[in-house]
Amino acid sequence: MSPARNGKPTLAVVGATGAVGTVMLDLLSTREDVWGEIRLVASARSAGKKLVVRGEEVEVVALSPECFDGVDVAMFDVPDEVSKEWAPIAVERGAIAVDNSGAFRMDADVPLVVPEVNPAAARRRPRGIISNPNCTTLSMIVAMGALHAEYNLQALVVASYQAASGAGQPGIDALREQISKVAGSDTLGTQPGDVRRAIGELGPFPAPLALNVVPWAGSLKEDGWSSEELKVRNESRKILGLPDLRVSATCVRVPVITTHSLAVHATFEREVTVDRAQAILRDAPGVVLVDDPANGEFPTPADVVGTDPTWVGRVRRAIDDPHSLDLFLCGDNLRKGAALNTAQIAELLAEELAEG
Ligand SMILES: NC(=O)c1ccc[n+]([C@@H]2O[C@H](COP(=O)([O-])OP(=O)(O)OC[C@H]3O[C@@H](n4cnc5c(N)ncnc54)[C@H](OP(=O)(O)O)[C@@H]3O)[C@@H](O)[C@H]2O)c1
């Protein structure tokens, strides 16, 4: 471990130029400043580019083994294959790696950490790597963790409504371009295929996203499940420490720039009441309850984007099962769903390093 500079640890942000990296720089500029030097790293394409963090311009350096020299904590906001190769190199050079990609999440020797739910897991990291969960799981897990602590979770049935930025900057660019191609038309969306023809190039999505919903996110896995759906199942189990939790997810992409939403049907060991569930959610750190449908009040991505908490509304007890709750959640996939949770994990590490 390198000696901390000015008494404060050195941080590297790998992937500083991406969709998650951009939000990370904003968070590092606005949260309590626990860092000494902050080093910005991306591909050779971005080397020399200047980005602003903490009000100062910092030059981006190309990823190399040397860029981790003297680094205490290295965050990785890069594609899976880049993390897979480079997080172990950062560790060899003396850093603790906090990885936002899917490369290590299910590795038994890599903790999967949500600071509001399982902060102690961050201290047991045999490979020197800590993983940040997938954005869809993160958009619900803080609220589900709070309810689980009271009621003992048994099963989850989830439908997601995922934003374009979940597919990174290319996803944002594609949706904006598609919207500009369909804007102003008073006929599109009335005939099979008319939106598809108007849009042409689909970008990272398998079907038009503007004026549409797409029941697909990620890659095809066994038995017709998508990788995103399996992540919701496997990561929820790991974070909550419930290896037998029953989880069925259907992941759907919707024409929203940023903020994932989820409709969740959660079944518990104990009977639930709406009043108590609302009280638990109201008191849970990192959760905001907005649940007054009589006055049109519930979370929507357009109102939640750019904010930190998990927003919950539409809390109902299942009509046919007193052990089940139905609720609707929204969380900014680039903040709590990615950069914020990583920043919180890194702050736990900064605290640990300060303890000596
Ligand atoms: N978007 C989300 O909602 C979300 C949520 C949770 C987790 N994640 C995960 O976070 C990671 C980053 O996602 P993103 O959405 O920010 O992607 P993105 O917008 O495509 O950004 C990718 C970043 O990785 C860098 N990069 C790519 N290849 C590289 C290489 N060979 N060497 C060094 N740097 C390289 C890029 O640098 P250049 O600009 O130089 O190319 C850029 O900074 C992914 O693993 C993703 O799965 C994303």
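**Cysteines, a buried strand residue and the ligand shell**

The sulfur of Cys 330 sits 14 Å from the closest cysteine sulfur, that of Cys 135, which is too far for a bond. This is a predicted model, and the count of disulfides in it comes out at zero. For scale, a disulfide here calls for two cysteine sulfur atoms within 2.5 Å, so the 14 Å between the sulfurs of Cys 330 and Cys 135 rules that pair out. Cys 330 is also buried, its relative accessibility being 0%. Cys 67 is another buried cysteine, with a relative accessible area of 7%.

Cys 330 turns up again among the contacts of Thr 310, a residue of strand β13. With a relative accessibility of 1%, Thr 310 is buried too. Leaving aside residues up to four places away in sequence, Thr 310 touches Leu 138, Ser 139, Val 142 and Ala 143, then Gly 286, Val 287 and Val 288, and finally Leu 329 and Cys 330. Several of these contacts can be placed by element: α3 spans residues 135-151, β12 spans 287-289 and β14 spans 324-331.

Those elements matter for the next bit as well, namely helix α7. Running over residues 274-283, α7 has Ala 277, Gln 278, Ala 279, Ile 280 and Leu 281 as its buried residues. The cover over them includes helix α3 along with strands β12, β13 (310-317) and β14. Thr 310, in β13, therefore belongs to one of the strands that help cover α7, and is itself buried at 1% relative accessibility.

On to the ligand. There are 27 residues around it, and the ones that come nearest are Thr 17, Val 20, Ser 43, Ser 46 and Val 78. Sorted by class, the shell comprises 13 polar residues, 11 nonpolar ones and three charged ones.

Backbone atoms also come into play. A polar backbone atom of Ala 19 lies 2.8 Å from an oxygen atom of the ligand. For Gly 18, the distance from a polar backbone atom to a ligand oxygen is 3.1 Å, and a backbone N or O atom of Gln 169 is likewise 3.1 Å from an oxygen atom of the ligand. As for surface, the ligand taken alone exposes 900 Å², and the protein buries 80% of that. Four elements give two or more residues each to the shell, namely α1 (19-30), α2 (80-92), α4 (168-182) and α9 (335-355).

Methods
Residues are numbered from 1 along each chain as its sequence is written. This is a predicted model: local features need pLDDT of at least 70, side-chain atom pairs count only at pLDDT 80 or more; totals for chains, interfaces and linings use all residues. Side-chain values use heavy atoms; hydrogens and water are left out. A residue is near a molecule or strand if one of its heavy atoms lies within 4 Å of it. A polar contact is a pair of N or O atoms within 3.5 Å; within protein, one must be able to donate a hydrogen and the other to accept it, and residues adjacent in sequence count only if both atoms are side-chain atoms. Accessible areas come from the Shrake-Rupley method with a 1.4 Å probe; for residues, only the protein chains shown count as cover. Ala, Val, Leu, Ile, Met, Phe, Trp, Tyr, Cys and Pro count as nonpolar, Asp, Glu, Lys and Arg as charged, and the others, Gly among them, as polar. Buried means under 20% relative accessible area, exposed over 50%, partly exposed in between (1.4 Å probe, protein chains only). Contact means heavy atoms within 4.5 Å.
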